Structure formats: C-alpha cells, structure tokens
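Trainee: I want to test the vocabulary against the numbers. Can we go through it term by term?

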Amino acid sequence: MQNLWNDSHAEKLVEDYAKKGVARDLALRVYTTRLLGGEPRLVLHGGGNTSLKTTTTDILGREWEVLCVKGSGWDMGVIEPAGLPAVKMDTLLAARSLGTLGDEDMVAMQRASLIDPGSPNPSIETLLHAFLPQKFVDHTHSTAILALVDQQDSEALCKKVFGAKMGFVPYIKPGFDLAKAAADIYDANPQVDGLILDKHGIFTFAETAKDAYDLMIQYVTMAEDYVARNGKAPFKPVALPAQPAAPAEIEPYLRGAIAIPEGDGKFGRMVCDFRTSPKILDYVNADTAEELATRGVSTPDLSIRIKTGPMVLPAPEAGKLDQYGKVIREKVAEYAARYKNYFETNNAADDVERTMLDTMPRLTLVRGLGLFGHGRSMKEAKIAADVGEMLVEAVTGAEAIGSFHPLALSDLFELEYWSLEQAKLASNKPKPLSGQVALVTGGAGAIGAATAKLFAAQGAHVVVVDLDEAKAQAAAKQAGNASIGVGADVTDPAAVRAAFDRARAVFGGVDIVVSNAGAAWEGKIGELDDATLRKSFELNFFAHQSVAQNAVRLFKQQGTGGVLLFNASKQAVNPGANFGAYGLPKAATLFLSRQYALDYGSIGVRSNAVNADRIRSGLLTDEMIASRSTSRGLSEKDYMGGNLLGLEVRAEDVAQAFLHQALAERTTADVTTVDGGNIAAALR
C-alpha cells in the first residue's frame, strides 16, 4: 500500500484552511482522512472513520475538550471540517462507567453533547475513538486486513502476521459494547500501535496525523505482503460457452427480473452498472463462486449495500437470450427465497418487530462476463459495483491464504436490521421515477429539454436523443441525475436502435419513451411535392414508429411493462391551413399511439399522446411568432395567449403533461391537450 503523505500538500491545505479559521490539527485531520478515503482498498462510500481530540469553544465562548469524529453521511474521500463534528469529551468518557447503553440512547447522548447541534450524527464508533487516549485515531476496512480476519483461525493468524504490536478484538457489533471491549484490550497492552477488529477492520492511533496514517499504511502493507508471499491460486475456472452473449444483451432481462414487485402490476425499478477485469473474471468464473456467495460478506457494513452477498448467474450464450432470461428469473427467485428464509429465521430469534426489506439482489456475478451493481439510482448502482469489486479483492485474498470465513449470517442480520439503519432507510423515500430510465427524442429542443429536466428531477435517468449530439449532451448535463446525451437521426432505424442500445448499455434498459422529435413543412396540400410530404412522414410518423418498436423490444425483454408517450400536436385533430404536410403524419401518429395501447396493453405497456399547441420551440420560433402576430394585427403576447385562458403555454407545461401520463398507472390510449383552451382542437 503506497504511502501518499506529501509534506507540501499537507502544508498547503493547512494554509488554505487557516484563512477560514480552521486550526492546524483539524486541517491535518481532514488531509489524512481524505488520503484514507481516496483508496478504495481501505474505505468505500461512507465506510471507515477518523477522529481528533482537541479543544474548541461553544457559542458562549466556553472552552471544551472535544472529539472531532467523522459524521454520518460524510465520505472520507471528500470530507470537510464540517464532516468532523465536535462532541464533548467529558460526556463520552463518562459513558465508559455504564454497564449497558442502548444504541438509541447512545446516539441521543452523543447528539446532546455536540458543540453545534446542527451537526450530523457522530459515527456509531464515536465511543471507541473516545476511549482510546491518542490524539488521532484512524479506522478502515482494508481488504488485505479482511483477508486475514475472515478466517476460522483469524486471531492466531493476525498474531503470526503482526506479533504483539496489534491488539486483537473479537467480533462485537459496532456501538457501546465494542467500544468498551476494544478499550479494555488496549488498556491491557497500551504499547500496541493499533487494534485488529475480527471480521471488521483495523484501527491505528498516534499523537500526530502523520504518524497515525503511517501506521495504517504500514500494517495494511504487512497484510498485503503476507497474502502475496503465502497465497496460492485460489480458484479453478468453470467451462464457458464458446460464444458468450455481451453484457448489454442480458441487461434488460436481468434488470426486469430484479425489479422490486410492489403489487398491482407496479415495480420499483433499478438501474445497472457493469464492471469487469481479469481479477473479477477469475472470481466469477470460479467453480466455488456460487458457494462463496452464500457465506456472507467480507465486512458487516457491506450488508447495507449488498445484503447477504451477491447472486451468481451462469454464463450466457449468444443467440439464446430468451432462454437465458428464464434462467435469470429462476436464479432471482432462488435468491429471493433464500433471503426470505434468512430474514424469517433470524427475525424469529427475538421479539423485535421488523419489516423485511425487499428480497432483490444488489450485486450480480455473471460467469464469463463480470459483475453488475444494482440500485434505485445510478449512484446506488455504482456503489454496489464498487463494493462488489472490493468484495472480490477481499475474498480472493482470503481464499488464497486459507478459506473465506466471514461473519455468521445471524450476526450479519443484526447489523442489516439494526434499528439505526432501519430508521435511516425509512426516511429515504424514493422519488416517483426513481430507478426508471426515460428516453426523450428531440431532447435538445424546448419541449424535449424541459421534459428531460423534469423527469430527472423526479428521479429518472434520462437518455436525451437529438440530431445534434453536442446539444443532446448539453441538455443531459442540464437535466442532471447522471443523464446522458446521444446523437441520432431518428429517421434512420439503425441510428434509433443504436440510441436504445446505448441506453441499455449505460443503464440496463428503458422504461419510459417520450417520442417528441418533429419538424413542420408548410404549403397547400394540393401543391406540395411528394418529396416534401414523404420527408415529413419520415420524421413525423415513421420515426415515431421506429422509436416505439425499439422501446417495445426492450419492454418485452424486461417484462415490467413500460410507457410510450407521443407528441401528437394540435395539428393531429385540428388541421391548419397550409400545414397538411405536418398535420397528416401527426394524425397518423396519434392513431399510432392508440394502436400501441391496443396491441401491448396486455404486457403492461401504456401508450398516450400529448396534443400541444403554440409552444415557443424549434417549430415555432421567435421570428415566426413575430411574423404571425404582425400579420394578425396582434401583439406577440396576445398571439401567444390566444386561447380560452389567455395565457401563453410553455414547454414546461407540456413536460408536466408528459410526467402526468408517465405516472398515471390506470391511463392508456389517452390524449392530453395542453393549449390553454381551444374548442376546435378539443377531443370528445
């Protein structure tokens, strides 16, 4: 493990923070915390913690001895001083005399002792940091350390590797009991440089930030060196098909199978993040991969991210995807049944009331391909995939020097269903479109961009498709939520398929399609040349058909229904003079939306259209508005507000109509009019 301490970088950070009133010790605490948090083999996504014992003053100017300890929700890799809330030491130290202290009471005590009551909750391991006397304390979940402690004879092995310089703490759930036990072990031999926590991780401590960090790197390196020197080839590979299917080809089947059933035809969808590497392939192709997956996870906090461990799928064979889709559903059913049994068995062990979490995996290993992380957002999916990579690292090391023997599932259950974690999860309500993928054509235009932005704000990941790729990417960036921009000519079926394939490769599939791209050509219908009319039909009808066909292709693979939304336009029901070239294909598109509703309602596909009029966009430009209002003797305001409500209709209003249709679970074959009121264009 490389030691990344750099004197000039450390001093630069100290100087920068000094200008903001941050003391030197706290600045150095931030510096080494970031060094630890930036190395995934040490710390991942909110895991680990660090602390500093110092003094500070409260709002009344009174000085207190405090512990500045990592706060809940902060990532060590990007931590700021605010992420190390100050807790009064006298209260923390007094707690050691207690015989028992429940988790909720411990959290309440720590919050009551904050210098700033607006600070985040201090780490659940705050008391352990407080009970150790050193000024700086570091804690990580090093994969190399886990390779040693995830063994049947972990204590003897750690003594062999580290000698008497590291204390060994048997596994206890993080909290008050662990803090007392660890402090007692330290007191029995205060000459140690740190503590090894069985099935959990490592603590190091010193009087300076640099020394505590150096010790962490030193002992992690010792563990790495031991594994490298003594490790054997841990895995034997299974046979693989001669022509495996590509990862993107199986993603819709996988994504559909792991969608969380919410009853009444509803699903809590998830997105996927794929990873592969030689090390990952060695692991997923191992003949023991399925059995290893049932043993548990390398450190208990991973259960919050990937439950009891991964699901393992056989290698997919090219050209046999439908059959493989059935295999995936069988494996998901097996995983769900195993998880349900795990919950029911362990839940029955006491009289605590718990609600079972969903039974779907968050990590899938696919032989021959690699691993997929799953989550209700791309951020969650990436975290699960990151965790998967470190699980591979830790288990590979454990198997190389012995046999992976992690924390028992009964103990893991205690942490996964910890009341503190349950409360945190209960407060994390998903947005209406969380986990869903929306593809919007004409996505860089006024209506498309407004729709992409609104859908992303409601939790969807959006694939913004536009003829101009740069504009599509700009609209996706503005939408946010990990949305992507794709350049495609929707009149080219190959380009449309490629856009959907891109959505499939990045997110795992598509759930909602807003077929919005269009353009208008003017001219009297009896004088219009065939080329212009055919060009309009290619964009304003056949492109919608091509988009819808590709959507249905993925909807059928996913098996969780889907939503088709078409921009039909007022011209579809109330033709205007000289606009036949635009209105005729739009009228056909309106009926196309109803045909899809008719033909695919049986598989849960809803198909609706929006009838919008007089929207500032690429179709109705500022120049056209000025020309038309002048020719009618109206102000631009009166022209744009020429409806029953007397209000200009905006692109955002059309976006709201699309969102309403996306969420209207009992509505299909509908046309929603967004024009401020035009009786001539009103339906029924």
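Mentor: Start with one pair: the bridge partner of Val137 in β7 is Phe205.

Trainee: Before that, what kind of model is this, and how are residues numbered?

Mentor: It is a predicted model, with residues numbered from 1 along each chain as its sequence is written. Local features need pLDDT of at least 70 and side-chain atom pairs 80 or more, while totals for chains, interfaces and linings use all residues; side-chain values use heavy atoms, without hydrogens or water.

Trainee: Back to the bridge, then. What makes β4 and β7 a pair?

Mentor: Two strands pair if DSSP finds at least two bridges between them. Strand β4 (residues 136-140) and strand β7 (residues 201-206) are joined by 5 bridges, so they meet the definition. They run antiparallel. Strands here are DSSP runs of E with at least two residues, helices are runs of H or I with at least four, and both are numbered from the N terminus.

Trainee: What sheet do they sit in, and which strands are its edges?

Mentor: An open sheet of 7 strands, in the order β3-β2-β1-β4-β7-β6-β5. Its pairing is mixed. The edges are β3 (86-88) and β5 (166-169), since each pairs on one side only. From one strand to the next, the twist averages 25°.

Trainee: Why is Lys307 called buried?

Mentor: Its relative accessible area is 5%. Buried means under 20%, exposed over 50%, and partly exposed in between, with a 1.4 Å probe and protein chains only. Therefore Lys307 counts as buried. Lys307 lies in the loop between α13 (303-306) and β11 (311-313). Its phi is near 60°, a positive value in a residue other than glycine.

Trainee: And Ala482: what makes that residue partly exposed?

Mentor: Ala482 has a relative accessible area of 43%, which falls between the two cut-offs. Phi of Ala482 is also near 60°, and its loop runs between α19 (469-479) and β16 (484-487).

Trainee: How do you know that α15 is mostly covered?

Mentor: Of its 24 residues, 18 are buried. The helix spans residues 378-401 and reaches 35 Å from first C-alpha to last. The expected span is 1.5 Å times one less than the number of residues, here 34 Å, and the computed reach is close to that.

Trainee: What makes an empty space a cavity rather than a pocket?

Mentor: On a 1 Å grid over the protein atoms alone, a cavity is a set of points where a 1.4 Å probe fits but cannot get out. A pocket is an open set with protein on both sides within 12 Å along at least five of seven lines. Lining residues have an atom within 4 Å of a point.

Trainee: How many cavities of 30 Å³ or more are there, and what lines the largest?

Mentor: The structure holds 1. About 30 Å³ of space lies in the largest cavity. Leu439, Val465 and Phe500 are among its lining residues. Helix α20 (493-507) gives the most, with 3 residues. By class, the lining has 8 nonpolar, 1 polar and no charged residues.

Trainee: What is the volume of the second largest pocket, and which residues are closest to its centre?

Mentor: The volume is about 1,100 Å³. Of 43 lining residues, the closest to the centre are Gly518, Tyr582, Ser617, Gly618 and Leu619. Helix α18 gives the most to that lining, with 3 residues.

Conventions
Points joined across faces, edges and corners; volume = space filled by probe spheres on them. Axes fitted to C-alpha atoms, helices over the stretch in contact; angles between N-to-C directions. Nonpolar A, V, L, I, M, F, W, Y, C, P; charged D, E, K, R; others polar.
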